[in-house]
Amino acid sequence: MGLKRSEFLFFAWRNRKLRIGVSIVIFFVILAIVGPFLTKYPPNEYVEAAAFPPSKEHWFGTTIFGQDVFSQFVHGLKATFVVGLIGGTIGTFLGILIGFTAGYRGGMVDEVLNMVTNIVLIIPTLAVLIIIAAYLTVRGILTESVLIGLTAWPWAARAIRAQTFSLRVRDYVDLARMSGVGSMKIIFGEIAPNMMSYLLLVYILQFGGAVLNAAALDFIGLGPTNTISLGLMMNYALLWAALPLGIWWWFVPPGLAITAIVGALYVTNVGLDEVFNPKLREM
Amino acid sequence: MLQVENLTVYYKTLRGYVRALERATFTVADGEIMGLAGESGCGKTTLGHSIIYLRPPMNYIEGRVVLDGQELPIWDMERMREFRYRHVSLIPQYAMNALNPTRKIGKMIAELLESREMNYDEILPELKRRLDLVQLSHDVLKMYPIELSGGMKQRTVMVVSTLLNPSLLIADEITSALDVSTQKAVCEMLVEFRDRGFVKSTIIITHDISILYQIADSILVMYAGQLSEKAPTETIFRDARHPYTQMLIGSLPKVGVRYQEERLRGIPGSPPQLLDPPPGCRFRDRCPVAFDRCVEVPPFLEISPGHFVACWRAY
Amino acid sequence: MSRYLGRKLLIYLLTFFLAVTIDWLIPRLMPGDPINVMISRLGPRNPQEVQLLREYYLKIFALDVPMWQQYINFWKSVFRGDLGRSTLFFPRPVLDIIKASVPYDILLLLPAILLSWFAGNNFGALAARRRWLDNTVLPLGYILTATPYMWLALLLAWALGIVAGIFPIAGAYSFDLRPHLSWRFIQDLLLHWFLPFLSLFMVMFGGWAIGMRNMIIYELEADYSRYLEALGAPQGLIRRYAFRNALLPQITGLALQLGTIVAGAVATEVVFAYPGIGNLIVQAIQNQDYFLIQGCFLFIILGVLLANLLIDIAYVIVDPRTRLGMTGEAA
Amino acid sequence: MSRKLTFVILSALVVGSLLLTACQPQTVTVTVVQTVPVKETVPVVITPTPGPSPVVYPRNETLYTSGKQWGPPTSWNPLTGGDIAMGVVGLCHETLFIYDPLKNEFIPWLAESGKWVSDNVYEVKIRQGIQWQDGQPLTAKDVVFSFEVRKITGASFSYIWDWLEKVEAVDDYTVRFTFKDPRYQEWGYVLYSLAIVAQHVWEGVPEADVPTTPGVPPTCSGAYVYETHSEDRMVWKRNENWWGTKLLGLSVGPKYIVDIVNPSNNVALGLFLKGEMDLSNNFLPGIATLVEGGYGVKTWYDDPPYMLSANTAFLFMNTKKKPMDDPAFRKAMAYAINVDEIVTKVYGNIVQKANPTGLLPVWEQYVDQAVVDELGFSYNPDQAKRILDQAGYKDVDGDGFREAPDGSKIELKVIVPFGWTDWMESIKVIANGAQAVGINLQPDFPDFPSYWEMVPGGTFDMAINNFGSNLSSTPWTFYNWVFYHPIQDTMFSGNFGRYENEEVFGLVDQLDRVPVEDIEGMKAVMSQIQRIQLTEMPAIPLWYNGLWAQWNETYWTNWPSAAEGAPKYLPCTWNGYFNMTAILMLTELKPAQ
């Protein structure tokens, strides 16, 4: 696991999965940033006649109200990345905090944290999210992201706990401990560096999970009430009968983007895993 | 009788070939226990494995392996399958984890034997005898690997690996994970297996030369993918000709004391990397007695009966 | 083994306790007064009338005693199987409403989860063996597992329901039928069931296939596989072992996935207006029917706990390590 | 693990759960909430029509409708003030008269005739030969009971006893109503809205349970009998012994009426396009395209607005809050809203822009055009800005939004229930319009219960509502809703903005007391109301919601419509519309073959 940076970049570039995955994600990131400048229509403005199929003027057509789907799409993309970033970061952070503590301290602390993790793991996230989201009358992307992050940590905590556990008993950690190095120093000096690659993988999965969770929440109608998102687009499309009316350009792009982004993240994850783990490296 | 001729095996990596084993030529006689020694990464494991289990990223380049007069198709995973276990067998370095954790040991052996079209029930009496021999209860067969201690697992694997009386047994670092007393017992078992004729020839791969002193008939020393010296054990310890062997022996703290460090600190410098090794003798850079000639590759020559060495100084 | 299951049981009991407590808190923490909603629906015209109705409903919803008493009463009624009355479907008892939905969830989720698990695992194992499968079909697995449930549901509803017109896209059975035992009804039921099932199945299938493929590759690299190979065991045996051992984390994965699956089922049921708990809970939320939310939440938790327990038992059966008390990190 | 075995188990599970679902009994809750049975009582519930119920409803004898039920049907009790299932009043329970809004006339129904015998006494003759569905005769004592039972707190129409003095049966078929305060307009409304219930069924129910019992299946007198219901449907079956056939020579076409609970626009439209639904009273987006596009979709008119108008959507402004307490601000709001954009973009022209008075087209004759010409408003942002400027609303801090004349910030929200998509889109337009003239108004979508707590509770800023502006026999219902009074803690019945003006309240009360036939007298009062309304602008009329109705003729023909020769009845299954001639629509429907 102790790959040198140059070596890492070398293998990373050689890995096709990583190349494809990262390219797709970067493509959508750029689209989310540049997209709003490519369209002159605000996402919720009525700009044109209703339910126009894709055309030169409206790349992704218009909604049943005559809103520009492309504009909604790129704004929704932005929201998607925000949710992934914030939700993923919080989820990973909590996972690290709890997983590290449990795995490193062991004993009672571990027992208790492990039990808490297991309990939170069993209670279906969505059920909790639904309740919390219903409680909040005003909801924004930020609140949503935080909520998702707060409920997504258990599996990460468990995985990190197991990793820490195995690293903790390694010789060099023992050596450090015996020579009187402080806990924090051991965690961040000895254990964390050896887990960086693993944490990166966890983060990617948390990111993807947050995006999917947000889409589900938005779709059920518990998402942000004050902005557009990809999940909301699908929600509106369903509410406004895009299916029987055949307005496919309304609900295909948002789902496609989520699938592409999350799928690309997963592929990136596998690619990275191969880079970090020489056993899996393609020869 | 094992004859290895000119065996060359490379590792294929993204950056090119790693020349892990080059032009190995030696023989192991029937009944001989040959120790294979050298630093980590010198190619000794590559050599051991390529005789039984040559798989990517290992790449067969050239050479022949002949066992009891029959050439082993080591370059062909499928054809080689037939020879494994019956003729060549292995006690792996990872003996602790070599048993499927979710199968009872007896069942696993049965399935292994049946997959090789043999009858477990016929072999069972012999299996039990051998378990007795290594002082394992027959109950082991009804147990899962997790129920056994490390030493028990090691012995189980030894029994399993030698069950079909192979001509050649390759024992790869079998002692490294054991404590000193168990180490000794395991070594004695290897000798006993040979004495009882369970195996004909044995190759013991280890970085711990002191072990070999006790049980090996001969020792083959490797350095950086090439053979340095092979001789009867006594000769190696008393009259090593290759400077590397001499330094290896000299670096031993004391015979019989377990040596833990993987790299021999007594020898200054480090082995060349094998991706693109320098021409000539590969020990040249670290050799205290190197001279002009060493830019040529020294041949592995028999300088006295049974004593082979690859060093311009030694001829 | 008893220690392992004992620990698990303790966790489940704690979870159950916590869940019921959270559940009890729901209508008490949520904004808005469910009683007011009921009263406003009756449109009283003067304050006396409002007061009368308020007392009436407080009694009906068992909110007319002190908090601690309410909490104890709630536990009692949970064990009695009395989940109170719905405000949205007033005056129907919550349990009644849920009972009418549960069969549809069983019908939809059980086959979707189990079939996708079996098919996904087998396919993943196959992909690990065949390079071309690995390279061509596996990306499909990644796409499927990254697909939001409702998007696939929308696509299927649109393509097979609207454009091709093969499948109905709403409800559990046609409106011209009354539930009864006949081929016609079963056929109709299956026709309505198929698309929601398929959309759930496909997304989950992708996840299992990929998980299995990765696990198998790890297992094939494991020491015991290499040892067997060195002893000349045929690929068949090695793969059999690898498959079996790779299955273990997949069983644990099933337990971990249950929460996500519930979420997926909710979205899918919404798309197809399938009358399961998922649809119910969304309706309950949109109408702030806290008592119904309570009931649905409790049922989901119970379902997940039960499923976890079954998975644990299954795990004990297949993994000797847990049976021998060497728990390690199993589920 | 044996894969074969697992497969067997799996298949068994699938089949098992299938059977489970199939055998799920159609829960007809026959139990009644019987708390204290003091005396020997007749249960509310009678046994359903004997004989096996069909499991498949023959398509050509069944009418599929949708639009009334937004949740599962839960109550069949016409005495409750709450939500009752589709058809409970109209198909099942009947009224003394029905009212035809298109012709503005009352049609005697259970009553044979009715007339004011003096200023404060009204007398009704009941038809002879009407039977309840259980065979008992319907007589004057049932009618008397139906009014007396309304004295129970919580029962629907209990308010009539504020002005009704007594009801008595003169003989078996004559009922006399004596009023302490004759409200002619309101009485007309009661005559065709109040359901007559069977005394022998209801007199045994404990008083406290009367407003809350679900009362299923109900005993009634109407053309349809309760058949069954489930979460997603309500099924009625034709009453073959209906009195209407004998006495009026009428017979209803469909043997079964299956009313489908609206799952979503998506599903409703899907079913409708497939011909699985005959009459949809949903608001279906894109219906204009479908009508024009040859999908076989029919509506009342062939051209925009396609639908009749059913009620007026208002923007209520909370006059108890600043700055909505300022008529100038309210007036500016009226000028700032681009209703045309809502009509064309959000509704695709299936609704009409409201008259500045908000009066429905059927009440056109009551609009005082002179007042409207003088005081009426239309979309005009510049005018809105001028009014605001004059009233002192200026952007002091330069954030692009105006502050109140006292310098305080204005931050307002306009709300509609979440999921009410057309309204959600509409308030976005409204908010945009307000922002364009410098009013910081943001759209917000609370869930319905929150919305319905905020609006009657007076905690909102602005909200769209139309609940009480329905089509009726009298514009008094409309004004009573807009200017509902007195102002209370919770305003459930209108005037959500809590606009207080004794003068207009008095005028509304005065209108109620104008005899129904006195059109000129009504106009005189209403002209004064309209003057105040347009000057004070307590609430802004926006558009007329349509009487959403679209049907296809695959299985049923002879639908009512504006077309020549077509029946002229209201094609609507909403509450209250069966007694506004929709029941007569059913008598006109003919099977397609």
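Ser304(B) has His307(B) in strand S12 of chain B as its bridge partner. That strand covers residues 307-309 and runs antiparallel to S11(B), with three bridges joining the two. Strands here are DSSP runs of type E with at least two residues, helices are H or I runs of at least four, and both are numbered from the N terminus; two strands pair if DSSP finds at least two bridges between them.

This is a predicted model, where local features need pLDDT of at least 70, side-chain atom pairs count only at pLDDT 80 or more, and totals for chains, interfaces and linings use all residues. Residues are numbered from 1 along each chain as its sequence is written.

Zooming out, the chain B sheet is open, has eight strands with mixed pairing, and follows the order S6-S7-S8-S3-S9-S10-S12-S11. S6 (88-91) and S11 (301-304) of chain B are at the edges with a single partner strand each, so one side of each has no neighbour in the sheet.

Two chain B helices meet these strands; contact means heavy atoms within 4.5 Å, and angles run from 0 to 180 degrees between N-to-C directions of axes, which are lines fitted to C-alpha atoms, for helices over the stretch in contact.

| Helix | Strands | Angle |
|---|---|---|
| H6(B), residues 180-195 | touches S3(B), S6(B), S7(B), S8(B) | about 140° with S3(B) |
| H9(B), residues 243-250 | lies across S9(B), S10(B) | about 110° to S9(B) |

Over in chain C, helices H12 (residues 277-286) and H13 (residues 290-318) pack at about 150°, their axes 9 Å apart. H12(C) and H13(C) are therefore roughly antiparallel (angles over 145 degrees count as such).

Technical notes:
Chains are lettered from A and ligands numbered from 1 in the order in which they are written. Side-chain values use heavy atoms; hydrogens and water are left out. Angles under 35 degrees count as roughly parallel, over 145 as roughly antiparallel, 65 to 115 as roughly perpendicular and the rest as oblique.
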